[in-house]
Amino acid sequence: MLEQHAQGTAPDGLPFQLFTLQNTQGMRVQFTDWGATWTSCRVPVNGELREVLLGCKLEEYPVQQAYLGASVGRYANRIANAQFTLNDKIVALTANQGTHQLHGGVNGFDKRRWALEKCGENFVCFSLHSTDGDQGFPGNVDVTVTYTLMEENSVKIEYAGKSDQDTALNLTNHAYFNLENAELGTDVRHHRLRLNADFYLPVDSEGIPNSPLKHVVGTSFDFRVAKPIQQDFLQGEQLATKGYDHSFVVNKAWQKPCVLLSSPNDDLHLEVLTSQAALQVYTGNFLGGTPTRHGKQYADYSGVALETQCLPDTPNHPEWQNYGGIVKAGEAYYQWTEYRFKGND
């Protein structure tokens, strides 16, 4: 079932367009064309609908700084010193996090109105055109994001795109999950997490990679067996980033889940499958002050972002480009991620 209605006023002076999908199980998800943003995800648990996605009032999406549920591009995550070399030319980008670029720059894809491409009973598809030179990136790029609500209580996100020049392209969704209480944002560190990942990428205090990929064995980044997020929290390298804000290379993620996130009392589970090579795990270390849907503010660690993508700063690291990050002119870009919810309904 699809519902569409207009509400409020976006920064371009036009109303936000809201799209609500519901399946026969009663699960309801909501999206807006501003930033192609995933604004709500209510899952049946024990006969009731539970909100599992952090969110804010509609009019606050354009001003909040946490990228709540947004489609992020052209390049998700960080590019060091807001520049890279491509085809022997230096590409200078707009910096928006100190000297670096984060999530596509000052006016990234999360800050645009996307066009409604098409929609149906169980899906909505948005499109966006990014001109040559946008935030410093070369090439005219056309991208789409398709959100599909499945009958088995899963949300599939598909990103597709094409550029007329070689360019950096790395799209993701920046949803924050809290399977216990996303309305209030209880401490997500009480959740249990399992990752199908053997390697992670060390970073400095600005989130810039400062080392080759490292094996998780013997580190606080070893989630190969499920454990509470808080178990090894703020140990070692995490101190630089106030918690987990690191990329993991996932093992054949399209064949089996790369993530299993479980609520503290084990009544709801989230599995993540993806075509992407890597996963950024961010434990909401700087969420404090982000507005909620009810006029209050989230605290730090109120939600965990599980962002499927390629590795950060890949344009400056040719050795990682086999994981994605650079697309050739005319080459089709396509990645998908599926978020599967399993509860007691």
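How many bridges join strand E13 to E14, and in which sense do the two strands run? The legends below take up this pairing after an overview of the predicted model.

**Figure 1. Overview of the predicted model.** The protein is built with 28 strands and 0 helices. Its C-alpha trace spans about 60 × 50 × 40 Å along the principal axes. A compact globule of 345 residues would have a radius of gyration near 20 Å, and the 19 Å of the protein agrees with this. Of these 345 residues, 58% count as buried. Contacts often link distant parts of the chain: among those between residues at least 6 apart in sequence, 64% join residues at least 24 apart.

**Figure 2. The surface and the charged side chains of the protein.** About 13300 Å² of the protein is exposed, and carbon and sulfur atoms supply 48% of that area. The charged side chains comprise 27 positive and 39 negative ones. The centres of these two sets lie 3 Å apart.

**Figure 3. Strand E14 and its partners E13 and E28.** Strands E13 (residues 141–149) and E14 are joined by 9 bridges and run antiparallel. Within this pair, Val-145 stands opposite Tyr-159 of E14. The two strands form a hairpin with 4 residues between them. One residue of the turn, Asn-153, has a positive phi of about 60 degrees. E14 is also joined to strand E28 (residues 333–343), by 8 bridges and again in antiparallel fashion. Here Ala-160 has Tyr-334 of E28 as its bridge partner. E14 itself covers residues 154–163 and is mostly covered, with 7 of its 10 residues buried.

**Figure 4. An open sheet of 6 strands.** Strands of a sheet pair through backbone hydrogen bonds, in either a parallel or an antiparallel way. In this sheet the pairing is antiparallel, and the strand order is E17-E26-E25-E22-E19-E20. Strands E17 (176–177) and E20 (214–215) stand at the edges; each has a single partner strand, so one side of each is left without a neighbour in the sheet. Elsewhere in the sheet, strand E19 (residues 197–201) pairs with strand E22 (residues 245–250) over 4 bridges, in the antiparallel sense. In this pair Ala-197 stands opposite Val-250 of E22.

**Figure 5. The surroundings of Leu-68, a loop residue.** Leu-68 is found in the loop that lies between strand E5 (48–51) and strand E6 (71–72). Leu-68 counts as buried because its relative accessible area is 1%, under the 20% cut-off for a buried residue. Leaving aside neighbours within four places in sequence, the contacts of Leu-68 include Thr-37, Leu-54, Gly-55, Cys-56 and Tyr-61. Also among them are His-174, Tyr-176, Thr-290 and Pro-291. Thr-292 is 224 residues from Leu-68 in sequence, while their C-alpha atoms are 10 Å apart in space.

**Figure 6. The surroundings of Ile-90, a residue of strand E9.** Strand E9 comprises residues 89–92, and Ile-90 is found in this strand. Is Ile-90 buried or exposed? Ile-90 counts as exposed because its relative accessibility is 61%, over the 50% cut-off for that class. Not counting residues up to four places away in sequence, Ile-90 touches Gln-83, Phe-84 and Thr-85.

Key: Residues are numbered from 1 along each chain as its sequence is written. This is a predicted model: local features need pLDDT of at least 70, side-chain atom pairs count only at pLDDT 80 or more; totals for chains, interfaces and linings use all residues. Side-chain values use heavy atoms; hydrogens and water are left out. The radius of gyration is taken over C-alpha atoms; the globule rule is 2.2 Å times the number of residues to the power 0.38. Buried means under 20% relative accessible area, exposed over 50%, partly exposed in between (1.4 Å probe, protein chains only). Contact means heavy atoms within 4.5 Å. Accessible areas come from the Shrake-Rupley method with a 1.4 Å probe; for residues, only the protein chains shown count as cover. Lys and Arg count as positive and Asp and Glu as negative; His and the chain ends are not counted. The place of a charge is taken as NZ of Lys, CZ of Arg, CG of Asp or CD of Glu. Two strands pair if DSSP finds at least two bridges between them.
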